[in-house]
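Subject: Structure handover

Hello,

Here is the structure I promised to pass on. Please have a look at it first; my notes follow below.

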Amino acid sequence: MALVWAKDMLEKARDGKYAVGQFNINNLEWTKSILLTAEECKSPVILGVSEGAGKYMTGFKTVADMVKAMIECLGITVPVALHLDHGTYEGCYKCIDAGFSSIMFDGSHFPIDENVAKTKELVAAAHKAGLSIEAEVGAIGGEEDGVVAAGECADPDECKMIADLGVDLLAAGIGNIHGVYPPTWPGLSFETLEKVKAKTGKMPLVLHGGTGIPTDQIQKAISLGVAKINVNTECQIVFAKATREYIEAGKDQQGKGFDPRKLLAPGAQAIRDLVKEKMGIFGSIGKA
């Protein structure tokens with residue numbers, strides 16, 4: 001199956017009261033694990049790529065070609081979108097050219113007028129190329145890929161301004177943050193989410209910072225219109241933990257050092273276990 005844009009799968013999720021997981025990829029092992037788990041669970045899935053991860057993997061074209069080849073060679077039949085996560089203006093155009101099926105323009109740090117102008121231009125470019133586009137209002141807290149934000153609740157009127165430009169998905173800050181949530185985190189602002197939903201109508205909404213949000217809050221957010229949930233930090237944590245434990249156990253040394261395929265296998269399995277767990281929480285299993 002070829003890559004699909006995210007719009008159709010998320011409209012289906014919105015109407016079905018479940019969410020599609022976006023799991024960020026950083027290497028071949030993560031990508032393979034996520035694709036195999038989505039196929040096993042018969043769940044649609046979105047592969048997120050930050051600009052830093054794209055650079056690490058030698059460029060967006062390398063990422064797009066790898067993902068397309070893996071879908072073909074692994075016999076993946078479920079819908080898969082390849083999505084730029086927190087993209088810059090320039091990064092969005094690079095991903096359009098590279099063969100992604102979806103982009104996110106993060107203009108939340110710009111004044112609203114500049115966010116509107118740049119988003120409007122990118123909506124036209126993405127749709128002309130057959131891609132879906134996500135926009136953001138209200139910076140998501142925490143730090144991801146070098147982008148730092150204090151976290152804020154979006155202005156519902158500004159959300160409507162962006163939604164009316166023709167974007168396909170909207171990420172609105174509702175107190176969510178990237179990274180690990182501190183013990184003092186007050187939780188999601190469902191009041192803000194309800195106001196954003198009232199202003200934007202049937203627009204599929206996106207919840208960034210899915211790591212560590214309690215299950216009951218995730219499921220309430222889904223009931224209020226969230227159709228896409230991003231998970232990145234938790235993938236990094238379980239991958240690193242499984243790899244470290246394997247090394248510390250002293251396995252596979254044989255006097256010759258570690259076999260990299262065996263070294264990375266526990267982390268890859270940890271990713272599979274986590275993705276399956278999250279798909280169950282999001283309600284996307286069997287929805288492909």
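The accessible surface of the protein chain is about 12,200 Å². Carbon and sulfur atoms account for 55% of that area. Please keep in mind that this is a predicted model.

Next, burial. The chain has 288 residues, and 55% of them count as buried.

On to the fold. The protein chain holds 11 helices and 10 strands. Its radius of gyration is 18 Å, and the globule rule gives 19 Å for 288 residues. The two values are close, so the chain is as compact as a globular protein of that length. The C-alpha trace spans about 65 × 45 × 35 Å along its principal axes.

I also looked at contacts between residues at least 6 apart in sequence. Of these, 72% join residues at least 24 apart.

Then the charges. The protein chain carries 30 positive and 37 negative ones. Their mean positions lie 6 Å apart.

Last, the aromatic rings. How many aromatic pairs does a search of the whole structure find? It finds 5. One pair to look up is F105 and F110. Their ring centres are 6.4 Å apart, and their planes meet at 25 degrees. Planes under 30 degrees apart count as stacked, so this pair is stacked.

Are these two residues buried or exposed? F105 has 1% relative accessibility, which is under the 20% cut-off, so F105 counts as buried. F110 has a relative accessible area of 24% and is partly exposed.

Best wishes

Methods. Residues numbered from 1 in each chain as written. Predicted model: local features only at pLDDT ≥ 70, side-chain atom pairs only at ≥ 80, totals over all residues. Heavy atoms only, no water. Helix = DSSP H or I, 4+ residues; strand = E, 2+ residues; numbered from the N terminus. Rg over C-alpha atoms; globule rule 2.2 N^0.38 Å. Buried < 20%, exposed > 50% of the residue type's maximum accessible area, 1.4 Å probe, protein only. Contact = heavy atoms within 4.5 Å. Areas by Shrake-Rupley, 256 points an atom, 1.4 Å probe, with all protein chains shown as cover. Lys, Arg positive; Asp, Glu negative; His and termini not counted. Charge placed at Lys NZ, Arg CZ, Asp CG, Glu CD. Phe/Tyr/Trp six-rings, centres within 6.5 Å; stacked < 30°, edge-to-face > 60°.
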